[in-house]
Amino acid sequence: MSQQRTGAHGGMETSFGFQDVSDGEKQARVNDVFHRVAKRYDVMNDLMSGGLHRVWKDSMIAWLSPSRTANWKVLDVAGGTGDVAFRIIEASNRNAHATVLDINGSMLGVGRDRAEKKGLADNAEFVEANAEELPFGDASFDAYTIAFGIRNVPHIDRALSEAFRVLKPGGRFLCLEFSEVELPVLDKIYDAWSFNAIPKIGKAVTGDADSYQYLVESIRKFPRQADFAEMIRQAGFERVSWRNFTGGIAALHSGWKL
């Protein structure tokens, strides 16, 4: 059982939080986590970020700057509840078309219901599929977004290669993910909050402590900012950069298919 971060070489494929699992076992266990938390997913993100995920997502959309012209297409991966996709559609004056892809049907069910309630069903479609094997042709999308999802993908290198493949030339990749805190005092406070409080609050709010324990641990296993940037470059992206949010609690990585 290792608590060390993985690096640009990989390692998340055999890591279920701090537990070492066989290659091929992780996906089923992650699926089970998200089946359990789907209906309380927004609550989960609020617990994990202290509510800041909403501000970070707004910053993500601002950096993406979705086109307001018709036929602009974005693929939002691991975004089953539609939280990011709906923000993109609204930022485009409801001109963008978003394909929301998730491997978890329970998450997608929440997203479809929300799209109907928001009157966005014509702008969004929901696809159940694996980020490592996207069911789309080459050069299909203008942008690819993924928020707080890529650390749950077993083979991150495959997901990044697929992201590169389905983007059009000139397309943009944006990934928002929990990352390594870079402020000496904040990192200790955040660790104490994460490991001592979040699983207990998760159990009190949702009746499920184990899922929150995994999610906290998975954050500590995910590559630090520079290592993840190198993985994005290895997939073929150029002009790779990142922005830290709240001292590095989260980071937003960007890359271009040029």
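Is Thr 246 buried, partly exposed or exposed? Thr 246 is partly exposed, with a relative accessible area of 35%. This is a predicted model. The chain has nine helices and nine strands. Its radius of gyration is 17 Å, close to the 18 Å that the globule rule gives for 258 residues, so the chain is as compact as a globular protein of that length.

**Overall build**

- Along the principal axes, the C-alpha atoms fill a box of roughly 50 × 40 × 35 Å.
- Buried residues make up 54% of the 258 in the chain.
- Take the contacts between residues at least 6 apart in sequence: 74% of them join residues at least 24 apart.
- About 10,700 Å² of the chain is exposed. Carbon and sulfur atoms supply 49% of that area.
- The chain carries 31 positive and 34 negative charges. The mean positions of the two sets lie 5 Å apart.

**Nonpolar cores**

- In soluble globular proteins, nonpolar side chains tend to be buried together.
- The largest nonpolar core here has 43 residues. Phe 34, Trp 56, Ile 88 and Leu 176 have the most contacts inside it.
- A second, separate core has 31 residues. Ile 146, Ala 159, Ala 229 and Val 240 are among them.

**Trp 56, a residue of the largest core**

- Trp 56 sits in helix α3, which covers residues 53–64.
- Its relative accessible area is 3%, under the 20% cut-off, so Trp 56 counts as buried.
- Beyond its neighbours up to four places away in sequence, Trp 56 touches Ser 49, Phe 148, Leu 176, Phe 178, Phe 245, Thr 246, Ile 249 and Ala 250.
- One of these partners, Leu 176, is also listed with Trp 56 among the residues with the most contacts inside the largest core.
- Phe 173 is 117 residues from Trp 56 in sequence, and their C-alpha atoms are 16 Å apart.

**Helix α4 and the loop after it**

- Helix α4 spans residues 83–91 and is mostly covered. Seven of its nine residues are buried.
- The buried residues of α4 are Asp 83, Val 84, Ala 85, Phe 86, Arg 87, Ile 88 and Ile 89.
- Ile 88 also belongs to the largest nonpolar core.
- Asn 93, just after α4, has a positive phi of about 60°.
- Arg 94 lies in the loop between α4 and β4 (97–102). Its phi is also positive, at about 60°, although Arg 94 is not a glycine.
- Arg 94 has 36% relative accessibility and so counts as partly exposed.

**Thr 246 and its phi angle**

- Most residues other than glycine have a negative phi.
- Thr 246 has a positive phi near 50°, and it is not a glycine.
- The loop that holds Thr 246 runs between β8 (238–245) and β9 (250–256).
- Thr 246 is in contact with Trp 56.

**Gly 80, before helix α4**

- Gly 80 is in the loop between β3 (73–77) and α4.
- Its relative accessibility is 0%, so Gly 80 counts as buried.
- Gly 80 touches Val 100, Asp 102, Met 107, Leu 108, Gly 111 and Phe 126, leaving aside residues up to four places away in sequence.
- Gly 111 is 31 residues from Gly 80 in sequence, yet their C-alpha atoms are 5.5 Å apart.

**Asp 42, in helix α2**

- Asp 42 belongs to helix α2, residues 41–49.
- At 26% relative accessibility, Asp 42 counts as partly exposed.
- Asp 42 touches His 53, Arg 54, Asp 83 and Arg 114, not counting residues up to four places away in sequence.
- Of these partners, Asp 83 is one of the buried residues of α4.
- Val 216 is 174 residues from Asp 42 in sequence and 16 Å away in space, C-alpha to C-alpha.

**Phe 18, between two strands**

- Phe 18 is in the loop between β1 (15–16) and β2 (19–20).
- With 7% relative accessibility, Phe 18 counts as buried.
- Phe 18 and Ser 218 are 200 residues apart along the chain, and 7.2 Å separates their C-alpha atoms.

Technical notes
Residues numbered from 1 in each chain as written. Predicted model: local features only at pLDDT ≥ 70, side-chain atom pairs only at ≥ 80, totals over all residues. Heavy atoms only, no water. Helix = DSSP H or I, 4+ residues; strand = E, 2+ residues; numbered from the N terminus. Rg over C-alpha atoms; globule rule 2.2 N^0.38 Å. Buried < 20%, exposed > 50% of the residue type's maximum accessible area, 1.4 Å probe, protein only. Contact = heavy atoms within 4.5 Å. Areas by Shrake-Rupley, 256 points an atom, 1.4 Å probe, with all protein chains shown as cover. Lys, Arg positive; Asp, Glu negative; His and termini not counted. Charge placed at Lys NZ, Arg CZ, Asp CG, Glu CD. Core = buried A, V, L, I, M, F, W, Y, C linked by side-chain atoms within 4.5 Å.
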